[in-house]
Amino acid sequence: MTISVRLVQPLIPKYRLPVFALLARQPGVRLSVWADLHPKQGSLDGVSSSDEFECVDAPMVRRGPFFWQPREHDAVVSPGADIVILSWISRNPFLG
């Protein structure tokens with residue numbers, strides 16, 4: 001049995017690649033990471049692709065002090081995922 005895991009992140013920083021790769025290599029796990037694959041700000045050098053897991057573009061939107069990912073909803077409602085893990089961004093106005 002394969003479990004499809006979707007992980008929604010602001011971006012894919014290089015230092016998290018080993019963790020995501022280890023999860024993707026577990027027997028029976030198919031991992032996709034939904035993140036802004038084209039970050040335009042911040043000091044972290046983001047990654048936009050991986051050989052070990054699927055990367056899906058989910059751009060971040062910033063309005064004033066708030067950040068959110070409109071495709072976060074798509075990650076939840078699109079068929080094919082058994083588990084969806086959403087990020088905890090304290091400046092997301094839709095947390096609640």
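A residue counts as exposed when its relative accessible area is over 50%. By that cut-off M1 is exposed, because its relative accessible area is 89%. Keep this in mind for the views that follow, and remember that the model shown here is predicted.

**View 1. A nonpolar patch on the surface brings together M1, I3, I83 and I85.** Welcome to the outside of the structure. The four residues of this patch have about 410 Å² of accessible area together. M1, which you have just met as an exposed residue, sits in the segment before β1. T2 also belongs to the segment before β1, and with a relative accessible area of 46% T2 is partly exposed. How far apart in space are T2 and P65, C-alpha to C-alpha? They are separated by 39 Å, with their positions 63 residues apart in sequence.

**View 2. Strand β1 pairs with β2 and also with β6.** Strand β1 covers residues 3-8, and its pairing with β2 is parallel, over six bridges. Within this pair, look for V5, which stands opposite L31 in β2. From β1 the chain crosses through helix α1 (residues 17-24) to β2, and this β-α-β crossover is right-handed. β1 is also paired in the parallel sense with strand β6 (residues 83-85), here over three bridges. In β6, I85 is the residue opposite L7. Is β1 largely enclosed by the rest of the structure, or largely open? Five of its six residues are buried, so β1 is largely enclosed.

**View 3. Strand β2 pairs with β3 as well as with β1.** Follow β2 along residues 29-35. Five of these seven residues are buried, so the rest of the structure largely encloses the strand. Strand β3 (residues 54-57) joins β2 in the parallel sense, over four bridges. Which residue of β3 is the bridge partner of A35? The partner is D57.

**View 4. Eleven residues make up the largest nonpolar core.** Here we step inside. The members are V5, L7, I12, F20, A24, L31, V33, A35, L37, V47 and F53. Each of β1, α1 and β2 supplies at least two residues of this core. Which element gives the largest share? That is β2, with three residues. Some names will be familiar from the earlier views: V5 and L31 stand opposite each other, and A35 has D57 as its bridge partner. There is a general pattern to keep in mind when looking at such a group. In soluble globular proteins, nonpolar side chains tend to be buried together.

**View 5. The side chains of E52 and R25 meet in a salt bridge.** The structure holds two salt bridges, and this view shows the one with an N to O distance of 2.7 Å. Why does this pair tie together separate parts of the chain? E52 lies in the loop between β2 and β3, whereas R25 lies in the loop between α1 and β2, so the pair links parts that are 27 residues apart in sequence. E52 itself is partly exposed, with a relative accessible area of 39%. As a general point, side chains of opposite charge can pair when their charged atoms come close.

**View 6. R71 and D74 form a salt bridge.** The closest N and O atoms of this pair are 3.2 Å apart. Are these residues buried, exposed or partly exposed? R71 counts as partly exposed at 29% relative accessibility, and D74 counts as partly exposed at 28%.

**View 7. P27 sits in the loop between α1 and β2.** With a relative accessible area of 75%, P27 is exposed. Now look across to V8, which is 19 residues away from P27 along the chain. The C-alpha atoms of P27 and V8 are separated by 21 Å. R25, from the salt bridge with E52, lies in this loop too, between α1 and β2.

**View 8. A58 sits in the loop between β3 and β4.** Is A58 buried or exposed? At 1% relative accessibility, A58 counts as buried. To place A58 against another part of the chain, find H38, which is 20 residues away in sequence. The C-alpha atoms of A58 and H38 are separated by 9.2 Å.

Definitions and conventions: Residues numbered from 1 in each chain as written. Predicted model: local features only at pLDDT ≥ 70, side-chain atom pairs only at ≥ 80, totals over all residues. Heavy atoms only, no water. Buried < 20%, exposed > 50% of the residue type's maximum accessible area, 1.4 Å probe, protein only. Pairing = 2+ DSSP bridges. Right-handed = clockwise from strand over helix to strand, strands pointing away. Patch = residues over 30% accessible without salt bridge, like charges linked within 9 Å, V, L, I, M, F, W, Y side chains within 5 Å. Areas by Shrake-Rupley, 256 points an atom, 1.4 Å probe, with all protein chains shown as cover. Core = buried A, V, L, I, M, F, W, Y, C linked by side-chain atoms within 4.5 Å.
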